[in-house]
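User: I've got a model open and I'd like to learn how to read its features. Can you walk me through it?

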Amino acid sequence: MSKQPKHILVIRLSAMGDVAMIVPILRALNAQYPGVKVTLLTRAFFAPFFRDLEHVTVFPADVRGKHKGILGLFKLSTALKALGIDAIADMHNVLRSNILKFFLSSITFCQIDKGRPEKKALISGKAFQQLKTTHQRYADVLDHLGLKINLSSPIFPKKVTLNKKLHRLIELDSRPVLGIAPFAAHEGKQYPLNLMEEVITQLSKDFKIVLFGGGKKEIDILNKLESNIDHVINVAGKLSLNEELDIISNLEVMISMDSGNAHIAAMLGVKVITIWGVTHPYAGFKPFNQPDHYAMLANRDLFPQIPTSIYGNTYPDHYVEASGSILPNDIIAKTKTLLKGS
(Lines give C-alpha, C1' and ligand atoms only; values in the text may rest on other atoms or scores of the structure.)
Protein backbone atom coordinates (compact mmCIF):
# COMPACT_ATOMS: atom_id res chain seq x y z
CA MET A 1 0.00 0.00 0.00
CA SER A 2 1.61 3.24 -1.16
CA LYS A 3 -0.08 5.52 1.36
CA GLN A 4 -0.24 4.78 5.10
CA PRO A 5 -3.86 4.21 6.13
CA LYS A 6 -5.49 6.44 8.70
CA HIS A 7 -8.45 4.25 9.64
CA ILE A 8 -8.18 0.44 9.56
CA LEU A 9 -10.93 -2.14 9.87
CA VAL A 10 -9.49 -5.18 11.70
CA ILE A 11 -11.58 -8.34 11.38
CA ARG A 12 -11.33 -11.16 13.94
CA LEU A 13 -14.68 -12.61 14.90
CA SER A 14 -13.69 -15.62 17.04
CA ALA A 15 -12.46 -17.67 18.94
CA MET A 16 -11.63 -16.22 22.36
CA GLY A 17 -7.94 -17.09 22.35
CA ASP A 18 -7.43 -15.86 18.79
CA VAL A 19 -9.12 -12.56 19.60
CA ALA A 20 -7.03 -12.16 22.76
CA MET A 21 -3.87 -12.68 20.71
CA ILE A 22 -4.68 -9.58 18.67
CA VAL A 23 -4.53 -7.33 21.75
CA PRO A 24 -0.70 -7.06 21.99
CA ILE A 25 -0.54 -6.34 18.26
CA LEU A 26 -3.06 -3.51 18.46
CA ARG A 27 -1.42 -2.18 21.63
CA ALA A 28 1.88 -1.98 19.73
CA LEU A 29 0.09 -0.33 16.80
CA ASN A 30 -1.39 2.25 19.19
CA ALA A 31 2.03 3.07 20.58
CA GLN A 32 3.94 3.09 17.30
CA TYR A 33 1.30 4.70 15.08
CA PRO A 34 -0.83 6.90 17.40
CA GLY A 35 -2.41 8.68 14.42
CA VAL A 36 -3.97 5.48 13.08
CA LYS A 37 -7.54 4.74 14.11
CA VAL A 38 -8.72 1.12 14.38
CA THR A 39 -12.25 -0.23 14.15
CA LEU A 40 -12.23 -3.82 15.35
CA LEU A 41 -14.98 -6.09 14.06
CA THR A 42 -15.52 -8.85 16.60
CA ARG A 43 -18.13 -10.27 18.96
CA ALA A 44 -19.51 -7.80 21.50
CA PHE A 45 -18.55 -10.18 24.30
CA PHE A 46 -14.84 -9.64 23.57
CA ALA A 47 -14.97 -5.84 23.78
CA PRO A 48 -13.45 -5.71 27.32
CA PHE A 49 -10.18 -7.13 25.92
CA PHE A 50 -9.59 -3.78 24.22
CA ARG A 51 -10.75 -1.50 27.01
CA ASP A 52 -7.38 0.21 27.54
CA LEU A 53 -6.57 0.80 23.85
CA GLU A 54 -7.16 4.48 23.17
CA HIS A 55 -7.43 4.38 19.38
CA VAL A 56 -9.39 1.14 19.05
CA THR A 57 -13.18 1.06 18.77
CA VAL A 58 -15.02 -2.25 18.82
CA PHE A 59 -17.77 -2.66 16.25
CA PRO A 60 -19.88 -5.61 17.46
CA ALA A 61 -20.63 -8.27 14.84
CA ASP A 62 -24.00 -9.91 15.43
CA VAL A 63 -23.45 -12.88 13.09
CA ARG A 64 -26.32 -14.85 14.61
CA GLY A 65 -28.75 -11.95 14.43
CA LYS A 66 -28.87 -8.87 12.24
CA HIS A 67 -25.56 -9.69 10.48
CA LYS A 68 -26.47 -13.31 9.73
CA GLY A 69 -26.16 -14.62 6.19
CA ILE A 70 -25.46 -12.80 2.93
CA LEU A 71 -28.07 -10.09 3.52
CA GLY A 72 -26.84 -9.51 7.07
CA LEU A 73 -23.24 -9.16 5.88
CA PHE A 74 -24.36 -6.70 3.21
CA LYS A 75 -26.07 -4.59 5.90
CA LEU A 76 -22.89 -4.84 7.98
CA SER A 77 -20.76 -3.68 5.04
CA THR A 78 -23.01 -0.67 4.54
CA ALA A 79 -22.61 0.32 8.19
CA LEU A 80 -18.83 -0.12 8.00
CA LYS A 81 -18.51 1.94 4.81
CA ALA A 82 -20.10 4.86 6.64
CA LEU A 83 -17.19 4.91 9.11
CA GLY A 84 -14.67 6.16 6.54
CA ILE A 85 -12.37 3.12 6.63
CA ASP A 86 -9.47 3.26 4.17
CA ALA A 87 -7.92 -0.22 4.71
CA ILE A 88 -8.97 -3.66 5.90
CA ALA A 89 -6.81 -6.06 7.91
CA ASP A 90 -8.52 -9.44 7.81
CA MET A 91 -7.02 -11.40 10.72
CA HIS A 92 -9.59 -14.19 10.32
CA ASN A 93 -9.72 -15.13 6.62
CA VAL A 94 -12.85 -17.28 6.66
CA LEU A 95 -15.87 -17.40 4.36
CA ARG A 96 -17.76 -14.77 6.35
CA SER A 97 -14.88 -12.26 6.29
CA ASN A 98 -14.24 -12.94 2.60
CA ILE A 99 -17.88 -12.21 1.72
CA LEU A 100 -17.67 -9.02 3.75
CA LYS A 101 -14.52 -7.98 1.88
CA PHE A 102 -16.33 -8.59 -1.40
CA PHE A 103 -18.98 -6.08 -0.35
CA LEU A 104 -16.17 -3.69 0.63
CA SER A 105 -14.14 -4.34 -2.52
CA SER A 106 -13.41 -0.65 -3.09
CA ILE A 107 -11.25 -0.61 0.05
CA THR A 108 -7.65 -1.90 0.09
CA PHE A 109 -7.28 -5.07 2.13
CA CYS A 110 -4.79 -7.66 3.28
CA GLN A 111 -5.64 -10.99 4.89
CA ILE A 112 -3.74 -13.30 7.22
CA ASP A 113 -1.64 -16.12 5.81
CA LYS A 114 -2.51 -18.96 8.18
CA GLY A 115 0.39 -21.08 6.95
CA ARG A 116 -1.75 -24.13 6.26
CA PRO A 117 0.90 -26.07 4.22
CA GLU A 118 3.57 -25.79 6.93
CA LYS A 119 1.04 -26.61 9.65
CA LYS A 120 0.00 -29.70 7.70
CA ALA A 121 3.66 -30.70 7.48
CA LEU A 122 4.03 -30.18 11.23
CA ILE A 123 1.14 -32.45 12.25
CA SER A 124 2.09 -35.07 9.68
CA GLY A 125 5.58 -35.33 11.19
CA LYS A 126 7.33 -34.24 7.99
CA ALA A 127 8.74 -31.05 9.53
CA PHE A 128 8.92 -30.80 13.31
CA GLN A 129 10.06 -27.22 13.71
CA GLN A 130 8.92 -23.87 15.08
CA LEU A 131 6.50 -22.13 12.73
CA LYS A 132 5.80 -18.42 12.57
CA THR A 133 3.76 -17.33 15.59
CA THR A 134 0.16 -16.24 15.20
CA HIS A 135 1.15 -12.89 16.72
CA GLN A 136 3.68 -12.38 13.93
CA ARG A 137 1.13 -13.46 11.33
CA TYR A 138 -1.20 -10.76 12.66
CA ALA A 139 1.61 -8.20 12.55
CA ASP A 140 2.46 -9.23 8.97
CA VAL A 141 -1.05 -8.24 7.85
CA LEU A 142 -0.48 -4.71 9.14
CA ASP A 143 2.99 -4.69 7.59
CA HIS A 144 1.45 -5.32 4.16
CA LEU A 145 -0.75 -2.28 4.75
CA GLY A 146 2.32 -0.12 5.39
CA LEU A 147 2.34 -0.38 9.19
CA LYS A 148 5.41 -2.33 10.28
CA ILE A 149 4.97 -3.41 13.90
CA ASN A 150 7.87 -3.98 16.30
CA LEU A 151 6.94 -6.59 18.93
CA SER A 152 10.36 -6.81 20.59
CA SER A 153 9.64 -4.39 23.46
CA PRO A 154 5.99 -4.90 24.38
CA ILE A 155 4.07 -2.72 26.80
CA PHE A 156 1.28 -3.91 29.07
CA PRO A 157 -1.47 -2.24 31.10
CA LYS A 158 -1.00 -1.62 34.80
CA LYS A 159 -2.56 -3.96 37.34
CA VAL A 160 -6.13 -2.97 38.07
CA THR A 161 -6.97 -1.86 41.60
CA LEU A 162 -9.64 -4.31 42.67
CA ASN A 163 -12.95 -2.94 43.90
CA LYS A 164 -14.45 -4.04 47.21
CA LYS A 165 -16.51 -6.82 45.62
CA LEU A 166 -13.53 -8.48 43.95
CA HIS A 167 -11.23 -7.87 46.90
CA ARG A 168 -13.74 -9.59 49.15
CA LEU A 169 -14.38 -12.43 46.70
CA ILE A 170 -10.80 -13.59 46.44
CA GLU A 171 -10.02 -12.77 50.07
CA LEU A 172 -6.73 -11.00 49.37
CA ASP A 173 -4.11 -11.39 52.06
CA SER A 174 -0.32 -11.61 52.14
CA ARG A 175 -0.22 -14.73 49.97
CA PRO A 176 0.80 -14.39 46.29
CA VAL A 177 -2.20 -15.03 44.02
CA LEU A 178 -2.02 -17.70 41.32
CA GLY A 179 -4.61 -18.40 38.65
CA ILE A 180 -5.37 -21.89 37.39
CA ALA A 181 -7.57 -22.60 34.36
CA PRO A 182 -7.74 -26.40 34.25
CA PHE A 183 -10.01 -26.91 31.24
CA ALA A 184 -9.66 -26.84 27.45
CA ALA A 185 -12.01 -27.15 24.51
CA HIS A 186 -10.79 -30.67 23.72
CA GLU A 187 -9.99 -33.46 26.16
CA GLY A 188 -6.62 -34.21 24.56
CA LYS A 189 -5.44 -30.70 25.50
CA GLN A 190 -6.45 -31.02 29.14
CA TYR A 191 -4.29 -32.05 32.07
CA PRO A 192 -5.86 -35.01 33.94
CA LEU A 193 -8.05 -33.61 36.71
CA ASN A 194 -6.68 -35.94 39.38
CA LEU A 195 -3.17 -34.64 38.66
CA MET A 196 -4.38 -31.04 38.52
CA GLU A 197 -6.01 -31.50 41.91
CA GLU A 198 -2.62 -32.60 43.23
CA VAL A 199 -1.01 -29.46 41.78
CA ILE A 200 -3.70 -27.24 43.32
CA THR A 201 -3.47 -28.96 46.71
CA GLN A 202 0.29 -28.55 46.94
CA LEU A 203 0.39 -24.95 45.68
CA SER A 204 -2.46 -23.92 47.99
CA LYS A 205 -0.16 -24.54 50.98
CA ASP A 206 1.83 -21.44 50.04
CA PHE A 207 -0.35 -19.45 47.65
CA LYS A 208 -3.87 -18.19 47.09
CA ILE A 209 -5.38 -20.09 44.14
CA VAL A 210 -8.07 -18.56 41.91
CA LEU A 211 -9.84 -21.01 39.57
CA PHE A 212 -11.18 -20.04 36.14
CA GLY A 213 -13.53 -21.87 33.80
CA GLY A 214 -17.00 -21.86 32.31
CA GLY A 215 -19.98 -24.08 31.69
CA LYS A 216 -22.08 -25.87 34.30
CA LYS A 217 -20.05 -29.09 34.37
CA GLU A 218 -16.77 -27.22 34.77
CA ILE A 219 -18.19 -24.91 37.43
CA ASP A 220 -19.43 -27.89 39.44
CA ILE A 221 -15.94 -29.40 39.40
CA LEU A 222 -14.33 -26.11 40.39
CA ASN A 223 -16.82 -25.63 43.22
CA LYS A 224 -15.84 -29.02 44.62
CA LEU A 225 -12.16 -28.10 44.49
CA GLU A 226 -12.95 -24.83 46.27
CA SER A 227 -14.89 -26.71 48.98
CA ASN A 228 -12.25 -29.38 49.51
CA ILE A 229 -9.03 -27.33 49.48
CA ASP A 230 -8.15 -24.35 51.67
CA HIS A 231 -7.06 -21.05 50.07
CA VAL A 232 -8.81 -21.92 46.79
CA ILE A 233 -11.42 -19.56 45.27
CA ASN A 234 -13.56 -20.40 42.25
CA VAL A 235 -14.64 -17.33 40.27
CA ALA A 236 -16.15 -19.20 37.31
CA GLY A 237 -19.75 -18.19 36.66
CA LYS A 238 -19.64 -15.40 39.24
CA LEU A 239 -18.15 -12.47 37.30
CA SER A 240 -18.41 -10.42 34.14
CA LEU A 241 -15.54 -10.62 31.67
CA ASN A 242 -14.41 -7.16 32.79
CA GLU A 243 -14.21 -8.37 36.38
CA GLU A 244 -12.32 -11.52 35.41
CA LEU A 245 -9.80 -9.38 33.56
CA ASP A 246 -9.37 -7.22 36.67
CA ILE A 247 -8.54 -10.29 38.74
CA ILE A 248 -6.26 -11.84 36.10
CA SER A 249 -4.28 -8.59 35.93
CA ASN A 250 -3.44 -9.08 39.64
CA LEU A 251 -2.13 -12.64 39.31
CA GLU A 252 1.51 -13.46 39.83
CA VAL A 253 1.27 -16.51 37.56
CA MET A 254 -1.46 -18.14 35.48
CA ILE A 255 -1.37 -21.92 34.94
CA SER A 256 -3.43 -22.82 31.90
CA MET A 257 -3.88 -25.35 29.16
CA ASP A 258 -3.30 -24.37 25.53
CA SER A 259 -6.49 -22.32 25.77
CA GLY A 260 -8.00 -18.85 25.79
CA ASN A 261 -7.15 -18.15 29.44
CA ALA A 262 -3.45 -18.44 28.63
CA HIS A 263 -3.73 -15.75 25.96
CA ILE A 264 -5.87 -13.49 28.14
CA ALA A 265 -3.29 -13.58 30.94
CA ALA A 266 -0.44 -13.05 28.49
CA MET A 267 -2.08 -10.00 26.91
CA LEU A 268 -2.16 -8.45 30.40
CA GLY A 269 1.54 -9.10 30.97
CA VAL A 270 1.07 -11.95 33.46
CA LYS A 271 3.53 -14.86 33.52
CA VAL A 272 1.85 -17.92 32.03
CA ILE A 273 2.75 -21.57 32.51
CA THR A 274 1.08 -23.52 29.72
CA ILE A 275 0.45 -27.26 29.82
CA TRP A 276 0.47 -28.92 26.39
CA GLY A 277 -1.09 -32.28 25.56
CA VAL A 278 -1.70 -33.28 21.94
CA THR A 279 -0.92 -29.78 20.62
CA HIS A 280 2.51 -28.13 20.55
CA PRO A 281 3.90 -24.56 20.69
CA TYR A 282 5.61 -25.11 17.34
CA ALA A 283 2.23 -24.50 15.65
CA GLY A 284 2.56 -20.84 16.66
CA PHE A 285 0.01 -20.51 19.44
CA LYS A 286 2.31 -20.01 22.40
CA PRO A 287 1.06 -17.12 24.59
CA PHE A 288 2.54 -13.72 23.83
CA ASN A 289 5.97 -12.79 25.21
CA GLN A 290 6.34 -15.98 27.25
CA PRO A 291 9.75 -17.71 27.27
CA ASP A 292 9.90 -21.21 25.80
CA HIS A 293 10.63 -22.80 29.16
CA TYR A 294 7.27 -21.60 30.53
CA ALA A 295 5.65 -24.27 28.31
CA MET A 296 5.29 -27.71 29.91
CA LEU A 297 5.24 -30.31 27.13
CA ALA A 298 3.95 -33.87 26.97
CA ASN A 299 6.63 -36.52 26.51
CA ARG A 300 7.12 -37.04 22.77
CA ASP A 301 9.16 -40.19 23.37
CA LEU A 302 5.95 -41.73 24.70
CA PHE A 303 3.64 -39.84 22.32
CA PRO A 304 5.69 -39.32 19.12
CA GLN A 305 2.75 -38.17 16.97
CA ILE A 306 2.43 -34.90 18.92
CA PRO A 307 1.20 -32.53 17.62
CA THR A 308 -1.65 -34.69 16.39
CA SER A 309 -3.54 -31.62 15.17
CA ILE A 310 -3.25 -27.85 15.33
CA TYR A 311 -6.26 -27.29 17.59
CA GLY A 312 -6.22 -30.56 19.55
CA ASN A 313 -9.51 -31.83 18.16
CA THR A 314 -8.12 -35.06 16.67
CA TYR A 315 -5.76 -37.59 18.22
CA PRO A 316 -5.36 -41.35 18.71
CA ASP A 317 -7.47 -42.69 21.58
CA HIS A 318 -4.48 -43.54 23.75
CA TYR A 319 -3.20 -39.94 23.46
CA VAL A 320 -6.15 -38.56 25.42
CA GLU A 321 -4.07 -38.15 28.60
CA ALA A 322 -0.74 -37.38 26.92
CA SER A 323 -0.31 -34.32 29.13
CA GLY A 324 -0.37 -36.69 32.11
CA SER A 325 3.25 -37.47 31.22
CA ILE A 326 4.05 -34.08 32.77
CA LEU A 327 4.60 -34.65 36.48
CA PRO A 328 2.67 -32.54 38.99
CA ASN A 329 5.90 -31.87 40.88
CA ASP A 330 7.43 -30.39 37.72
CA ILE A 331 4.53 -27.95 37.35
CA ILE A 332 4.78 -27.03 41.03
CA ALA A 333 8.54 -26.50 40.78
CA LYS A 334 8.15 -24.38 37.62
CA THR A 335 5.56 -22.21 39.35
CA LYS A 336 7.77 -21.59 42.37
CA THR A 337 10.71 -20.79 40.09
CA LEU A 338 8.69 -18.19 38.21
CA LEU A 339 7.57 -16.61 41.45
CA LYS A 340 11.21 -16.14 42.34
CA GLY A 341 11.63 -14.12 39.16
CA SER A 342 13.23 -16.64 36.79
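Analyst: Sure. This is a predicted model. Let's start with pockets: a pocket is an open set of grid points with protein on both sides within 12 Å along at least five of seven lines. Here, the largest pocket has a volume of about 880 Å³.

User: Which residues are the closest to its centre?

Analyst: Among the 34 lining residues, the closest to the centre are Met-16, Gly-17, Ser-259, Gly-260 and Asn-261. Helix H1 (16-32), helix H9 (241-248) and helix H10 (260-267) each give two or more residues to the lining. By type, the lining divides into 16 nonpolar, eleven polar and seven charged residues.

User: How do I read helix H10: mostly covered or not?

Analyst: Look at relative accessible area: under 20% counts as buried. On that basis, eight of the eight residues of H10 are buried. They pack against H1, H9 and three strands, S6 (177-181), S9 (253-257) and S10 (271-276). Just after H10, Gly-269 takes a positive phi of about 85 degrees.

User: What about a charged residue? Why does Arg-137 count as buried?

Analyst: The same cut-off, under 20%, applies. Arg-137 counts as buried because its relative accessibility is 5%. Arg-137 sits in helix H5 (residues 134-144).

User: And which side chain does Arg-137 join in a polar contact?

Analyst: That of Glu-118, at 3.4 Å. Beyond its neighbours within four places in sequence, Arg-137 is also in contact with residues including Ile-112, Asp-113, Lys-119 and Lys-132.

How values were computed:
Residues numbered from 1 in each chain as written. Predicted model: local features only at pLDDT ≥ 70, side-chain atom pairs only at ≥ 80, totals over all residues. Heavy atoms only, no water. 1 Å grid on protein atoms, 1.4 Å probe; cavity = no way out; pocket = protein on both sides within 12 Å on 5 of 7 lines; lining within 4 Å. Points joined across faces, edges and corners; volume = space filled by probe spheres on them. Helix = DSSP H or I, 4+ residues; strand = E, 2+ residues; numbered from the N terminus. Nonpolar A, V, L, I, M, F, W, Y, C, P; charged D, E, K, R; others polar. Buried < 20%, exposed > 50% of the residue type's maximum accessible area, 1.4 Å probe, protein only. Polar contact = N/O pair within 3.5 Å; in protein donor to acceptor, adjacent residues only side chain to side chain. Contact = heavy atoms within 4.5 Å.
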